[in-house]
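Dear colleague,

I am handing over a structure that I have gone through, and the findings are set out below it. Please read them with the model open.

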Amino acid sequence: MPVDTVSLATADGERLEGELARPAGPVRGAAVLAHPHPLHGGDMHAGLIGSLFELLPPAGLTTLRFDFRGVGRSSGEHDGGRAERLDVAAAIDHLVAAEPGTPLLVVGWSFGAVVALLVDHPALAGWVAVAPPLGLLAGAVPVAGTDGRPLLVLVPEHDQLCPPDVAGPIVAGWAATGLEVLPGADHGCRGAAATVAAHVVARATATATPT
């Protein structure tokens, strides 16, 4: 699987380190991956993000992962999820340029899921939020929850931060939003990577034409 190191430029002048992996065969879709909380050890190699980066390209998705500002070799400082929205937007811009016209999803896990839900971009085909700690939204409906493009929320059955019985009522009134439970998984999503990847591939390729 070819992997390129890339540099992402944010709208406020930061430089982020990322990695781009392309399928060996036809491109069927594209995905930006947003990692867990930087202050709790999250980076672009963490857990589920690392697994998805390995699983998605063989399934036909060009995949971009990156370190949020202040993580690894990315410049800047952690901003509690506010300026990090610009980081996700920069990753989307880069992937759009790499795969123009390809259906593109932003896929976030934990902190990265909440940040992703706050990002609007005209090139997005939709969002996938994995184990989002929805309490970080403080009751506000994110842009992804008011948009007509599809949003899939994947909630681990035993999530310690936002289990299904908490997440369900929160997203029930959101637009174009589906919720699926990841059986047997907790917030760390161990053992759930293949299931998450299958959901992402199905969403990204639903309207794709092989190139």
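To begin with one residue, Asp120 is partly exposed, its relative accessible area being 45%. Please keep in mind throughout that this is a predicted model.

Salt bridges

Asp120 is a partner in one of the eight salt bridges that the structure holds. Its side chain meets that of Arg149, with 2.5 Å between N and O. Asp120 sits in the loop between helix H3 (111-117) and strand E6 (124-130), while Arg149 sits in the loop between E6 and strand E7 (151-158), so the bridge ties together parts of the chain that are 29 residues apart in sequence. Arg149 has a relative accessible area of 19% and is therefore classed as buried, since the limit for that class is under 20%. Elsewhere, salt bridges with shared partners join Asp4, Arg22 and Glu99 into one network.

Within that network, what separates the closest N and O atoms of Arg22 and Asp4? The distance is 3.7 Å, and the two residues form a salt bridge. Asp4 belongs to strand E1 (residues 3-9) and Arg22 to the loop between strand E2 (15-21) and strand E3 (29-34), so this pair ties together parts 18 residues apart in sequence. Arg22 is partly exposed at 30% relative accessibility. Asp4 is also partly exposed, with a relative accessible area of 39%.

Another bridge runs between Arg65 and Glu19, whose closest N and O atoms are 2.7 Å apart. This pair links distant parts of the chain, as Arg65 is in strand E4 (residues 61-66) and Glu19 in strand E2, 46 residues apart. Are its partners buried or exposed? Arg65 counts as buried at 8% relative accessibility, and Glu19 counts as buried at 16%.

Overall fold

The protein chain has five helices and eight strands. Read from the N terminus, their order is β-β-β-α-β-α-β-α-β-β-α-β-α. The radius of gyration is 15 Å, close to the 17 Å given by the globule rule for 211 residues, so the chain is as compact as a globular protein of that length. Taken along the principal axes, the box filled by the C-alpha atoms is roughly 40 × 40 × 30 Å.

Of the 211 residues in the protein chain, 53% are buried. Among contacts with a separation of 6 or more, 68% are between residues 24 or more positions apart. The accessible surface comes to about 8600 Å², and carbon and sulfur atoms account for 54% of that area.

Helix H2

Helix H2 covers residues 84-98, a run of 15 residues. From its first C-alpha to its last it reaches 21 Å, close to the 21 Å expected at 1.5 Å a residue. Its buried residues are Glu84, Asp87, Val88, Ala89, Ala90, Ala91, Ile92 and Leu95. As background to that list, an α-helix has 3.6 residues a turn, so residues three or four places apart point the same way.

Ala31 in strand E3

Which residue of H2 does Ala31 touch? Ala31, which is found in strand E3, is in contact with Leu95. Neighbours within four places in sequence aside, the other contacts of Ala31 are Leu56, Leu61, Thr62, Thr63, Leu64, Leu105 and Val107. With Thr63, the C-alpha to C-alpha distance is 4.9 Å across a sequence separation of 32 residues. Ala31 counts as buried, at 0% relative accessibility.

Cysteines

How many disulfides does a search of the whole structure find? It finds zero. For Cys162, the closest cysteine sulfur is that of Cys189 at 12 Å, which is too far for a bond. The cut-off for a disulfide is 2.5 Å between the sulfur atoms. Seen from Cys189, the closest cysteine sulfur is likewise that of Cys162, at 12 Å. Cys162 is buried, with a relative accessible area of 3%, and Cys189 counts as buried at 3% relative accessibility.

Regards

Key
Residues numbered from 1 in each chain as written. Predicted model: local features only at pLDDT ≥ 70, side-chain atom pairs only at ≥ 80, totals over all residues. Heavy atoms only, no water. Salt bridge = Lys/Arg side-chain N within 4 Å of Asp/Glu carboxyl O. Helix = DSSP H or I, 4+ residues; strand = E, 2+ residues; numbered from the N terminus. Buried < 20%, exposed > 50% of the residue type's maximum accessible area, 1.4 Å probe, protein only. Expected span 1.5 Å × (residues − 1). Rg over C-alpha atoms; globule rule 2.2 N^0.38 Å. Contact = heavy atoms within 4.5 Å. Areas by Shrake-Rupley, 256 points an atom, 1.4 Å probe, with all protein chains shown as cover.
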